[in-house]
Amino acid sequence: MDGEQGTSGPKVPPIVLKTLITVVVGTVAYVITNVIDQSQDELWKLAVSIIIAGSALIVQYMVDFEQRLTEVEHGRRTGTRKILDEFARVHDVAEIIKGLDNSGMSTEDVTRLIRSASEVGLHGPPIMRAFTRAEISSLSSVLTALTGMTAVWERDNIEWLIRLTQCARTTIDATSSSVDQAFWSTDPAGHYMEAQRKAMREHDVRIRRLFIVETERQRDALGPLCEQQRKRNIDVRVLVLSVSMARAVGATRDVVIFDSEVFLEFATDSQQRFVKTSLDADSSRVGVEVLRFDDLWAAADESTGMRAPAGGA
């Protein structure tokens, strides 16, 4: 350590170095003029050496000036690039905000999201920052997928179900298979029913629910649940599927259609467990689901005669 510091030596200031070079050049010039022409007087020799030394000093400053000018020019170009990059970012942000406005989205919510994420990033503990990044990444993935009018969640997603119910403005049509019978006694089902109640009260949304079962016994067991939902002004019917009809329509397909514009499908595995939630707003596929529901609804009417009472929706 000490040896390295000793060998590096003190750094000579630039002004001292320029002075030393000038003195050396002037001395060499004086010696050369004295050798070449010894007949000249000392004053003339001294003047020539001073001129040469001065010229050397000027050249040094010119070289130094050119270097500094180059650095300034480089800095100016770098600064200009940074400014242009910032303007490009501002322009991109402005275009995004303009696109949000044109599409009817709330710019306030996006601004609040960004500010809140920044606050967590600046002041939150590491685990909260990691959680925030994960949530933003998840939301970004869903929204990116929705640009193709579809998104998939690799398990049952009650949050999508409730949020779409809150967004519905005209109709909610749902098929409910025997697979999800246990759902109606859970706490999430209570939140779902409350969201439906508000949709009917605040937006006059018409709700139709079709329970699809495989046996008459299952249909009879649904009596109390059907009556409970009818009392909440939900139009309810029950359809007992034959084996051939079950193959055709998919007895375990639980689908909820919102405003005839988007639907959620809850898929199950071989053990009849929910494993995937698909959101789809493709008009052709939504149209197929609307027709499927209408056909099943009509079949339930014809086979069971189970209509909602006169006071229902």
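These legends describe close-up views of a predicted model. Local features require pLDDT of at least 70 and side-chain atom pairs count only at pLDDT 80 or more, while totals for chains, interfaces and linings use all residues. Residues are numbered from 1 along each chain as its sequence is written, and side-chain values use heavy atoms, with hydrogens and water left out.

**View 1. V110, L113, I114, I136, L139 and L143 form a nonpolar patch on the surface.** Together these residues have about 490 Å² of accessible area. Areas come from the Shrake-Rupley method with a 1.4 Å probe, and for residues only the protein chains shown count as cover. Patch members have over 30% relative accessible area and no salt bridge; nonpolar side chains (Val, Leu, Ile, Met, Phe, Trp, Tyr) are joined within 5 Å, like charges within 9 Å. Helices α4 (107-123) and α5 (126-146) are the elements that give two or more residues to the patch. Helices (H or I, at least four residues) and strands (E, at least two) are DSSP runs, numbered from the N terminus. V110 lies in α4. Its relative accessible area is 32%, so V110 counts as partly exposed. The classes are buried under 20%, exposed over 50% and partly exposed in between (1.4 Å probe, protein chains only).

**View 2. F183 and W184 form an edge-to-face aromatic pair.** Their ring centres are 5.2 Å apart, with 70 degrees between the planes. Rings of Phe, Tyr and Trp (its six-membered ring) pair if their centres lie within 6.5 Å; planes under 30 degrees apart are stacked, over 60 edge-to-face, and the rest tilted. F183 is partly exposed at 22% relative accessibility. W184 is buried at 15%. F183, W184, Y192 and F211 form one aromatic cluster. A search of the whole structure finds six aromatic pairs.

**View 3. F293 and W297 form a stacked aromatic pair in helix α11.** The centres are 5.7 Å apart and the planes 20 degrees apart. The two residues are four apart in α11 (residues 283-304), so about one helical turn separates them. Both F293 and W297 are buried. The charged end of R208 sits over the ring of W297, 5.3 Å from its centre. For this contact, NZ of Lys or CZ of Arg must be within 6 Å of the ring centre and within 35 degrees of the ring normal. R208 is also linked with D173 and D294 in a network of salt bridges.

**View 4. E194 and R197 form a salt bridge in helix α7.** The closest N and O atoms are 2.3 Å apart. A salt bridge puts a side-chain nitrogen of Lys or Arg within 4 Å of a carboxyl oxygen of Asp or Glu. The count by this rule is 10. E194 and R197 are three residues apart in α7 (residues 187-203), so they are separated by about one helical turn. E194 is partly exposed at 31% relative accessibility. R197 is partly exposed at 36%.

**View 5. The side chains of R219 and E216 meet in a salt bridge in helix α8.** The N to O distance is 2.8 Å. Three residues apart in α8 (residues 216-221), R219 and E216 are separated by about one helical turn. R219 is partly exposed at 22% relative accessibility. E216 is partly exposed at 41%.

**View 6. D282 and R285 meet in a salt bridge through their side chains.** The N to O distance is 4.0 Å. D282 is partly exposed at 22% relative accessibility. R285 is partly exposed at 38%.

**View 7. Strands β3 and β4 run parallel.** Six bridges join β3 (residues 206-213) to β4. Two strands pair if DSSP finds at least two bridges between them. R209 has V236 in β4 as its bridge partner. β4 is mostly covered, with five of its six residues buried.

**View 8. N233 has a positive phi although it is not a glycine.** Most residues other than glycine have a negative phi. The angle at N233 is about 70 degrees. N233 lies in the loop between α9 (223-230) and β4 (235-240). At 36% relative accessibility, N233 is partly exposed.

**View 9. D259 also has a positive phi without being a glycine.** Its phi is about 55 degrees. D259 sits in the loop between β5 (254-258) and β6 (262-268). With a relative accessible area of 18%, D259 is buried.
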